[in-house]
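Student: Could we go through this structure by question and answer, with the reasoning spelled out at each step?

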Amino acid sequence: MLKLTFDASIKLEVKFIMDEALVKSSDSSVSCRFFSWWPLLLGPVAMALVYIAEATGREELVSRGFNEQMALVLVGIPLVLFALQAIIFRSEFHLFMGVLGAAFFCREWHFYGTSRGIYIALVLLGTWAAIRRVNFDRVVGRGHLRIWIIAMLVTYLLSQLIARRVFKHIPILPNEGQLHISLEETVETAGHLTMIAVSIIA
């Protein structure tokens with residue numbers, strides 16, 4: 001009887017330790033998932049930088065001219081990397097991203113037709129992605145690459161919402177009328193940086 005009681009207590013203690021470990025593991029997993037999605041904050045951080053620049057009298061650092069000077073270089077980096085990866089790995093996904101990079105590069109170059117051409121390119125690329133979704137999904141996986149691609153899309157989308165003056169009708173941004181150009185350009189620059197990150201991770 002004493003032995004049975006001892007064995008039962010041991011089993012209960014082991015079960016308690018295992019349950020506690022599972023709880024800690026679950027908490028750790030939730031924490032890791034939260035911190036792994038931090039790239040989604042890059043757009044709002046870029047917006048915050050605009051307000052900091054305005055408050056400190058350094059508006060030139062977030063001006064359209066300053067951002068456009070960097071744009072061709074920033075977009076050119078992932079364009080070259082994706083092109084090289086497409087050639088080396090014979091990867092349709094890298095070719096797709098290279099074409100996307102080329103579309104953005106042409107838009108930043110600002111020659112005739114690019115303002116309308118970027119939308120045509122995005123429609124064609126969206127159709128390509130929809131048709132080859134299963135193949136692309138297999139390449140992207142469920143890890144950091146997917147997170148950075150989502151962050152890239154969200155950041156570019158945010159810049160376009162600012163450009164369309166969406167926040168003019170939703171008064172949550174102070175001085176939106178005065179700062180919307182700097183906000184758009186700086187958030188777009190953050191989008192270029194996320195594309196560079198995608199090209200490195202991929």
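Tutor: Helices here are DSSP runs of H or I with at least four residues, numbered from the N terminus. Please keep in mind that the model is a predicted one.

Student: In which helix is the place of Leu49, and is Leu49 buried, partly exposed or exposed?

Tutor: The place of Leu49 is in helix H2, which covers residues 42-55. Buried means under 20% relative accessible area and exposed means over 50%. Because its relative accessibility is 45%, Leu49 counts as partly exposed.

Student: Which residues make a nonpolar surface patch together with Leu49, and what is its area?

Tutor: The residues that join Leu49 in this nonpolar patch are Trp38, Leu41, Val45 and Ile52. The surface that the patch makes is about 500 Å².

Student: How many residues does the largest nonpolar core have, and which helices each supply at least two of them?

Tutor: The largest nonpolar core has 18 residues, and among those with the most contacts inside it are Phe93, Met97 and Val198. The helices that each supply at least two residues of this core are H3 (64-89), H4 (92-109), H6 (133-140), H7 (144-163) and H8 (176-201).

Student: With which residues is Val198 in contact, leaving aside neighbours within four places in sequence?

Tutor: Val198 is one of the residues with the most contacts inside the largest nonpolar core. Once its neighbours within four places in sequence are left aside, its contacts are Phe82, Met97, Leu145, Trp148, Ile149 and Met152.

Student: How many residues apart in sequence are the parts tied together by the salt bridge of Glu185 and Arg64?

Tutor: The side chains of Glu185 and Arg64 meet in a salt bridge with an N to O distance of 3.3 Å. Glu185 lies in helix H8 and Arg64 in helix H3, so the parts that the pair ties together are separated in sequence by 121 residues.

Student: Which residue is linked with Arg64 and Glu185 in a network of salt bridges?

Tutor: Glu185 is buried, with a relative accessible area of 5%, whereas Arg64 counts as partly exposed at 38%. The residue linked with this pair in a network of salt bridges is Glu68.

Student: Is Glu176 buried or exposed, and what is its relative accessible area?

Tutor: Glu176 lies in helix H8, and Arg165 forms a salt bridge with Glu176 in which the closest N and O atoms are 2.7 Å apart. Arg165 counts as partly exposed at 23% relative accessibility. Glu176, by contrast, is buried, and its relative accessible area is 7%.

Note on methods:
Residues are numbered from 1 along each chain as its sequence is written. This is a predicted model: local features need pLDDT of at least 70, side-chain atom pairs count only at pLDDT 80 or more; totals for chains, interfaces and linings use all residues. Side-chain values use heavy atoms; hydrogens and water are left out. Patches are made of residues with over 30% relative accessible area and no salt bridge: like charges are joined within 9 Å, nonpolar side chains (Val, Leu, Ile, Met, Phe, Trp, Tyr) within 5 Å. Accessible areas come from the Shrake-Rupley method with a 1.4 Å probe; for residues, only the protein chains shown count as cover. A salt bridge is a side-chain nitrogen of Lys or Arg within 4 Å of a carboxyl oxygen of Asp or Glu. Buried means under 20% relative accessible area, exposed over 50%, partly exposed in between (1.4 Å probe, protein chains only). A nonpolar core is a set of buried Ala, Val, Leu, Ile, Met, Phe, Trp, Tyr and Cys residues joined through side-chain atoms within 4.5 Å. Contact means heavy atoms within 4.5 Å.
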